[in-house]
Amino acid sequence: MDVLAYMIPIALVMGLLWLVIFMWALRSGQFDDPEGAASRILQDDEREGDLHK
Amino acid sequence: MTNALPATDYSAYVRTNADGTNHLRLIVAGMHCAGCAFKIEKKLNAYPGVEARVNVTEKRLSLVWSGDKAAGNTLLDEVETMGFQLSPVKQSGTEDEGLKHLLRCIAVSGFASGNLMVFSMALWFSGRDSMGAATRDLMHWYSALITLPTVIYAGMPFFKSAWHALRHGRTNMDVPISVAVTLASAVSLYETVHSSEHAYFDSVAMLLFLLLIGRYLDARVRLQAKSAASDLLQVMQGTASIIEDSGHMRRVPSKALIPGMRLHAAKGEKILADGTALNAGDVDTSAITGETMPRHVCAGDAVLAGMVNIGTPLDIRIDKSQQDSLIGDIIALMQRAEQGGAAYVRIADRIARWYTPVVHILALITFMGWLWIGGAAFQPALMCAVTVLIITCPCALGLAVPVAQVMAGGRLFRGGMLLKSADALERLEKVDTIVFDKTGTLTTGQMVMDPPDHIDDETKAQIAALAAASAHPLARAVTAVWPSKPAAGAAEMDGRGIEITREDGHWCRLGSAAFLLVTDSPPDDKLELWFGVQGLPPLRLTFSDHPHADAARVIRDLRREYRVVLLSGDRPAVAAAVAAQLGIDEWYGAVDPLRKHDMIDAEISAGRHVLMVGDGLNDAAALSRATVSMSPSSALDIAQNAADVVYQRKGLSSVPALLQTARRTQAIVRQSFALALAYNVIAVPLAMAGFVTPLVAAVSMSLSSLLVVGNALRLKGG
């Protein structure tokens, strides 16, 4: 059962990592507009550096 | 009607940052897909120094520009001409921040619950033989390590609310939640320190997680509700021109207007105070009275704040200061109604009122019972009491109602309705009387020319050419049927009509009866235009505002279950005609805004529950006084702000749809309460008797929550 001594902390750290990633995503506005982000990829971006020219 | 109004002034909502950039956020109505959103962005971003971003999910536009504050109005006018309606969002940002904080709390408690399950599973499925005491203690310590910070962080919304309530001598649902969470954590920690067999850490985290989800959904629904009265005040802000005794003109803020001053309103300008006209002119009164037609005023006639001068410049002697003006009265009424509205107690709060003491008393009885009658030691007795607190988890209250509301809100949204007040659905269920405004609500609000009998093509062409030269609503209605180029040399006489002089020297006129020298106009009270050539008998054109195509059917269906009343600011004859056409027995014409409010007030005082549907400024006070109110999205901002529900679909089909959804939602909410009650009736006695282990408590609590949420999810379908 000694394996628990380091397996549990590893599992917890991995979980905590997930939490940190979620918090970062929330803070940087990843969840603000899921619908818009899904469609925005289909838009031709004309403002920043037009690649076709 | 609204065409005569100048571009909406949003400057009061603009926040200017230290770096000189202006920020404004608006809700965009009429946006159906991401394509619309990108069209708006593209249009606005084409301007230098402007940054626009549309949030498709929330249907919000954030606009950032530098320089002149008022430049935003021109930009937004562009968006409005594209066919979208805008309403500004107050720049507080605190509600948004509150929502994000709740989301963070959910994440933390979700993380805790998930990880605690790992330990709990191990603990639940191993007996005394398969797991040593040392391993069990290690598991408990890990659980404590995860749970205690979680409780401190994610439990804060509940602790704060409970503390706030207690400090004001009240109690709410958060009090038993806080007590349960704190006690359960403390007892579990005590058990862990003394290396006992059971701890409740998982239940604590799970309880917080589930309740926070409910709290989040509830907060999101409530966020949409906005204060109505303060928006009405915006209408009356701005500056007005004053003519001093010396004859000089100067601009003063509307607040500084006092009786006795001489106000000058240019063409297209809004009149900002009640007073007496000093010269003749034309005003658009639609905002105040709901009348569709501009009104001609003579010197000595009263004009009201909120009217728009659409004719020659008008001089007005101010009789009343702004707070005594009619619009000031409307504002006062709305503020009072808003405070009155707060007196409505939501079903969840009503239940919480008896839930709180009952749970506390049950827990106390359990504790005392075990300690004195059952002969248990202090610690197991306390444990049993905590189990009672946990198992009576108010998930039905905290989760079922918000979930049902979010589901109903989503359903309505797909049907083109925006639910602005979180508790509107509860109030709707009681409605027994439906009051409709006429213009713009029952009717389309647009004038349509009645087909004239026998008219030759030459006359038709002449009328069309004259009409095309005017912007008057009736002339536009003519142009809509008979399109034409404007007649060359046509002169518009404000408030009377249009005239041209023909080659043979005779005049040719289109306008009011007086303008055409007609003295015996038929007494049918219809809106009319006369056309004539000097020396020939004049010709009469009539106009009507038609009811929506589905109005008669909807009214007939509604009348089976509800009392339907028509309250119109328009002339009695017009109101009577519409009422007869739609089969409404009870109608009142020429009702001014204050009387509208008072009539609704009288109905409510008589114990009735009134749904008011209206769209004008003249309805605003009545809308906020009614039990529940609806407004079409074509309505003035003030009416939309005052209404609980805003609907986009043309016609009246939204009214029965809303009533039906409200009834279904309330049925589901009641089922949820019944389920929760049944669960508690079984679980609480068991918990009090001490039969419930931590495993059963945690599992049954989660199961009951899932059941209740699953039931609420049924609203989504069908």
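Two strands count as paired when DSSP finds at least two bridges between them. With that in hand, here are some close-ups of this predicted model.

**View 1. A small set of paired strands in chain B forms an open sheet of 3 strands.** The strands follow the order β11-β10-β13 in chain B, and their pairing is antiparallel. At the edges stand β11 (295-297) and β13 (308-309) of chain B; each has a single partner strand, so one side of each is left without a neighbour in the sheet.

**View 2. Here β10 meets β11 in chain B.** Strand β10 (residues 281-284) of chain B runs antiparallel to β11(B), and 3 bridges join the two. To find your bearings, look for B:V283, whose bridge partner in β11(B) is B:R295.

**View 3. Chain B touches chain A.** Chain B brings 21 residues to this contact and chain A brings 18 residues. On the side of chain B, the elements giving two or more residues are α1 (34-45), β3 (50-55), α3 (94-124) and α4 (133-154). Of these, α3(B) gives the most, with 9 residues. By type, this side of chain B divides into 12 nonpolar, 6 polar and 3 charged residues.

**View 4. B:C384 sits in helix α12 (residues 378-391) of chain B.** Is this cysteine buried or exposed? B:C384 is buried, because 22 other C-beta atoms lie within 10 Å and the cut-off for a buried residue is 20 or more. Leaving aside residues up to four places away in sequence, B:C384 touches B:T366, B:W370, B:M688 and B:G690. You can also pick out B:F691, which is 307 residues from B:C384 in sequence and 9.0 Å from B:C384 in space, C-alpha to C-alpha.

Key:
Residues numbered from 1 in each chain as written. Chains lettered and ligands numbered in written order. Predicted model: local features only at pLDDT ≥ 70, side-chain atom pairs only at ≥ 80, totals over all residues. Contact = placed C-beta atoms within 7 Å. Helix = DSSP H or I, 4+ residues; strand = E, 2+ residues; numbered from the N terminus. Nonpolar A, V, L, I, M, F, W, Y, C, P; charged D, E, K, R; others polar. Buried ≥ 20, exposed ≤ 12 C-beta atoms within 10 Å, placed from the backbone.
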